[in-house]
Structures are given as C-alpha cells and as structure tokens.
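Me: I have a model open and would like to talk through how its parts pack. Could you take it with me step by step?

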Amino acid sequence: MITKEKKPYALKQGMLENVMRQFDHAADHIGLNPNIRKILEITNNELVVHFPVKMDSGQVEVFTGYRVQHNNALGPYKGGLRYHPTVDIDAARALAMWMTWKTSLAGLPYGGAKGGIQLDPTKYSDAELERITRRFTYALGDNIGPELDIPAPDVNTNPQTMAWILDTYMSTKAPAERSTNLHVVTGKPIGAGGSQGRDRATGYGVFLNIKFWAEQKKYPLRGKSFILQGFGNVGYWAARFLEAEGARMVGVQDAYGSLYNPLGIPVEPLFEYAKANRNSILGYQEAQPVDSGAFFALDCDLCIPAALGNQITARNAADIKAALIAEGANGPTDVEAEKILLHRGIDIIPDILCNSGGVIGSYFEWLQNRNGEIWTLDEVMEKLEKKMKESFHRVVAFATEKQVDLRTAAFMIAIQRLEQTYLQRGIFP
Ligand code: NAD
C-alpha cells in the first residue's frame, strides 16, 4: 500500500523529486483527502516502447520511447513529446504530473501526460527524424487518440513532428474515420489542421504573466532588462513580446552557449541568425560570449528560464539579480533554490501558471478540429489573454488569502479541483 511515508517511486534527485515535493507541500496545506492523495501521487499508465528504425546508412537503430499518463479524472490525457538525451521514465513521470496540475489549474477538460524519445536529434537527418517519429507513433498505437491522449510539441519537437504523427496515426485508420482524428495531436502546422496562434501561445502566455505581475507591482516593463535561457519556441516568442513592450534582452543562453550585451540583443535578428546557424546562437556578433556557468548571475531585472528542468538550483539561486523569475520551462527551479529565492524576496511565477498558454492554445486547436471550426488569430489571442488573466489573478488572490507563495497557491487550486472531482464521482466499483 502506498502511504505518505512510503513513496511510490524511488526518488533520485531530479525533476520527479521536485514535483513530488511540490505536490506534498501543497497537499499538506489543503489537508488533501488521504485516499485521493494515494491516487494523485502515482501515474495511471506508463508505456515504454523499443522500436527499430532504418537509418540513412542502411543500418538499423533501436530507440526507446516513453508515454506516461498521469491522471485523466478531468478529461483526456494531454502533454508534449520531448526528443532529448535526458528523456527517461522519471522525467516523463515528472513532466506528466506537472501537466495534470497545469490543465487542472487552467480549468481545462484535460488530464496530464508526457513522453518522448531518448535521443539527441542533432545527430539525425530530417529523413531519419521523420522515420523515427512515424515508427514511434506506430508503436504507441491506440494508446494515444483524440479523445484519449493528445500529444503536442515540447523540447526538440515542432509542428512538423506533429504533422508526421497525425499523418501516421490517420493512415492506420479506416478511410471513413481518418478525418475524425485530426485532433489526435495539437501544435500542428496550419495546413495540417493547426490553429492560428498556437505557435506563439506559450511565449505570449509567459509575456502576459510578466505583464500582469508588473502591472500589479507598478513596475513598468519599458526599459527593463531580462535574461532568457532557451531560445526555442517558448523563449523566442516570450522575448519578442517583451521587446515589443520596451524591455531589452541583455543575456540569452541556448544548448550551445551564452551571450551578453547590456545594451540589448535584438530578438528578431538573433532569431534569423540562429535559424541560419543550425538553431544555435553561438557566434552572433552583436553580443559577447559569456561563461554559461555564470549565466544566471548576469545583471538583469527579469529572468526567464525557458529550456530544461532543474536549471536554477542551490548552486546559483543566491547569485540571481532579477526581481522576478517567470518559468517558461517546466520545472526549471528546484525546491531548494525556491526557498533561497523566496527568502531573498524574489517573486516566481510558477511553470504550471506561467507556461500554461501552450496547453490553452492547444485546447483551442483541439476544439476547432473537433467542431470543424477555424478561428482567426485575433480570436485566438483574445480568448487566450482572457483565460491567462483569470488564472493569474485567481492564483494571486488565493496566495494572498492563504498567505502562501504563488507555486503553492497554484498547486492548491489545481489539486482541490481534482479532489472535488474524485469525491463527487467516487471510486469504482
Ligand atoms: P525548443 O526545443 O523549441 O527550445 C529549447 C531551447 O532550449 C533551445 O534554444 C535549446 O538550444 C535550449 N536548450 C536546450 N538545452 C539547453 C541547456 N542545457 N542549456 C540552455 N539551453 C538549452 O523547446 P520549447 O518548446 O521552447 O520548450 C522549452 C521549455 O518550455 C521546456 O521546458 C518545455 O517543457 C516548456 N514548455 C513548452 C511548451 C510549448 O508549447 N512548446 C509549453 C509549455 C512548456
């Protein structure tokens, strides 16, 4: 039997330990029903698949893919697919749990899942990545589905990856059923059934959270400086919206290196440079390279981690200069670092709130596919802003009322919604 003392997973240091400690802390605060705690602290389903793919050389490589479905009490499982060497069962469990809290907090009719493939995509050609993706989709089979489990892009996956998944999934269905499966993935290219605005939804949501925070603190964003870790989908769009608001990006880091320029690094030219430079910011001339180990200590007003988990730890938390950390990434700040930051009076907009624009945008895409509708960019952005604003103010008001930090408040709201669902529905049989 699983009890609070005996955890369902052997916790090694990492994202899983983090999310479990965050969950425990919030669950203690609300006095979560112990039976429901047992359900929520473990995942529903865990799928590990090994599948062969023919490489360009003619040789066969066997890959390992994961899909962890944490909870579906509120609706179909929802969450991204990540292609990265750090993907393993514990990473997928942790990220799936964060998805459950995120969708619950956002008030969406979804549960939480996550998965991916353990690989370094830079080592494969586009044709190989297509075959890897298609064979992975085939291996997942009917464990995903438009009303069961709906993947989306995450680190190193993109609209093209989603289009391959959709095409493979649809191709395995009878002809009459094919077009009823358009919503098996979200984050698709527009031509393949994607939604206007999904590309920028996560980054725009990060920006909106910063804007709402700044309005509340009477802290004008014009003239403020920010550092950004991760110049991919989330980071690029967040930086673009912040720059348009008058803030300047003084530091940026990606998987290849770090850049600094106290006068500001222009976002669009850097984006164009990286696109032409195999998605790397390294070598960009309008900024100077800096030691990646010292990145989070750079002088700035705002800090946006938008890459991987466990980047802000006890090792670098004391050096951070920013007044705010806006978590574009999932799990970028570990529990020990958070204690240090809160003690220092640094605000943190937690991942499950800060980057929830992505899954809200995905929900809009899913609804359009399901209902045969096509919304304009303005409609999508307006609806997104409305939802983000509600979420932000709900979390802030709850934190103030309960005298807790923003992450604990966000978790408490998310967990309470799930608790209520289980209490009303009961446990079968
Ligand atoms: P992406 O693949 O588009 O970009 C990732 C960026 O991070 C790249 O610039 C890459 O070079 C950089 N990076 C990778 N490893 C790094 C390292 N060790 N140090 C510094 N930089 C590194 O991915 P993304 O979709 O932008 O996702 C980024 C984060 O946001 C992830 O944590 C993801 O889970 C989270 N997130 C993404 C979405 C979404 O809609 N894409 C939604 C919610 C949350």
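Me: How do H6 and H7 lie to each other, roughly parallel or oblique?
Reply: H6 and H7 are oblique to each other, because angles under 35 degrees count as roughly parallel, over 145 as roughly antiparallel, 65 to 115 as roughly perpendicular and the rest as oblique. Helix H6 (residues 198-217) and helix H7 (residues 233-244) pack at an angle of about 50 degrees, their axes being 7 Å apart. This is a predicted model, in which local features need pLDDT of at least 70 and side-chain atom pairs count only at pLDDT 80 or more, while totals for chains, interfaces and linings use all residues. Residues are numbered from 1 along each chain as its sequence is written, and side-chain values use heavy atoms, without hydrogens and water.

Me: And which residues meet there?
Reply: With contact meaning heavy atoms within 4.5 Å, the residues of H6 that meet H7 include Tyr 204, Phe 207 and Ile 210, and those on the H7 side include Trp 237, Phe 241 and Leu 242.

Me: Switching to the sheet, what is the strand order?
Reply: The order is E1-E2-E4-E3-E5 in an open sheet of five strands with mixed pairing, where two strands pair if DSSP finds at least two bridges between them, and strands (E, at least two residues) and helices (H or I, at least four) are DSSP runs numbered from the N terminus.

Me: Which strands stand at the edges?
Reply: Strand E1 (45-54) and strand E5 (149-153) do, each with a single partner strand, so one side of each has no neighbour in the sheet.

Me: How many bridges join E3 to E5?
Reply: Five bridges join strand E3 (residues 77-83) to E5, and the two run parallel; Lys 78 stands opposite Ile 150 in E5.

Technical notes: Axes fitted to C-alpha atoms, helices over the stretch in contact; angles between N-to-C directions.
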